[in-house]
Amino acid sequence: MAKILTITLNPAIDVTLELDELRLGEVNRQQQVQYHAAGKGLNVAQVLHDLGHDLIVSGFLGKQNRALFDQHFQAMQFDNQFVYVEGETRQNIKIAEQSGRMTDINAKGFLVSEHDKQAFFARIQACCQDIDYVVIAGSLAQGFSIDDFKFLISILHNQQKHVAIDSSGQALVAAIEMNPWMIKPNTDELQESFGESVEKFSQQTALFQRLNCHIEHIVISMGEAGVNWINPALALHASPPKVTVKSTVGAGDSLLAGMVHGLVSEMTLEQTLKTATAIASHAVSQIGFRVPEHERLEALKQQTMINTLDKSDANN
């Protein structure tokens with residue numbers, strides 16, 4: 001298996017509260033509460049670890065509440081290359097109802113200084129010696145600008161690394177301009193960033209043609225409608241299996257991890273997308289996003305349908 005670096009610029013402690021139903025303006029009693037060392041890059045790292053890969057994890061973390069993260073890294077046997085900064089890592093509140101509805105309350109997080117950024121860039125340069133694949137996922141920390149983000153990608157490109165990016169807003173626009181190896185936006189993120197509907201495959205291909213980008217793997221998640229994957233060989237659509245949704249937290253991260261896993265492991269295109277979609281489908285059926293046992297994964301893969309797309313597929 002591969003050694004992979006994941007970068008989480010704005011991690012979080014996810015505090016997930018499980019309720020029967022959220023009643024606004026009333027007293028609500030939780031059924032259960034879970035605390036996770038999280039952030040999209042770390043979520044990807046956890047799934048890749050479950051799939052058998054060695055992980056280096058980096059980004060920024062607050063010094064004042066680092067214990068949960070340090071314990072997580074030790075348990076997962078991650079190579080911890082985070083830069084610790086003044087302040088606390090943010091806490092994100094997630095309210096999970098029995099219906100599957102999830103309400104998120106996300107904090108801003110710490111502020112990184114120029115010194116913190118220079119230490120981080122030096123750390124990334126050093127990490128690049130041992131890896132070929134890098135995943136950058138999640139939002140930017142306060143003080144880490146779009147220009148800083150582009151500089152990070154340029155460091156990795158100069159080292160000839162395969163870079164996969166999952167971000168949104170201005171960071172997504174900047175990522176596309178930098179032409180990484182892979183991006184994994186969802187349709188809402190694309191519509192928010194570019195101000196146009198991208199529900200259909202034809203609209204998606206038209207957008208990326210207009211942007212004149214040269215991204216090898218464009219993976220677009222569409223919720224229950226499945227996943228479209230545009231790559232140089234062909235375009236594929238995955239229809240996910242039907243599952244009972246408990247939480248959507250980590251589903252996109254699971255999909256991205258599954259895609260990287262399949263390509264790194266030299267699976268066929270169809271098997272890569274089928275495996276990634278099955279892992280993501282399992283993620284929404286649980287609180288958390290660990291990879292399912294082999295039998296469960298195989299069953300979900302059997303229920304995942306893969307079809308080839310072309311420009312005539314205007315409704316996909």
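Does Phe73 count as buried or exposed, and at what relative accessibility? At 3% relative accessibility, Phe73 counts as buried, because the cut-off for buried is under 20%. Please keep in mind as you read on that this is a predicted model.

**Aromatic rings**

Phe73 has a ring partner, so let us stay with it for a moment.

Terms used. Residues are numbered from 1 along each chain as its sequence is written. This is a predicted model: local features need pLDDT of at least 70, side-chain atom pairs count only at pLDDT 80 or more; totals for chains, interfaces and linings use all residues. Side-chain values use heavy atoms; hydrogens and water are left out. Buried means under 20% relative accessible area, exposed over 50%, partly exposed in between (1.4 Å probe, protein chains only).
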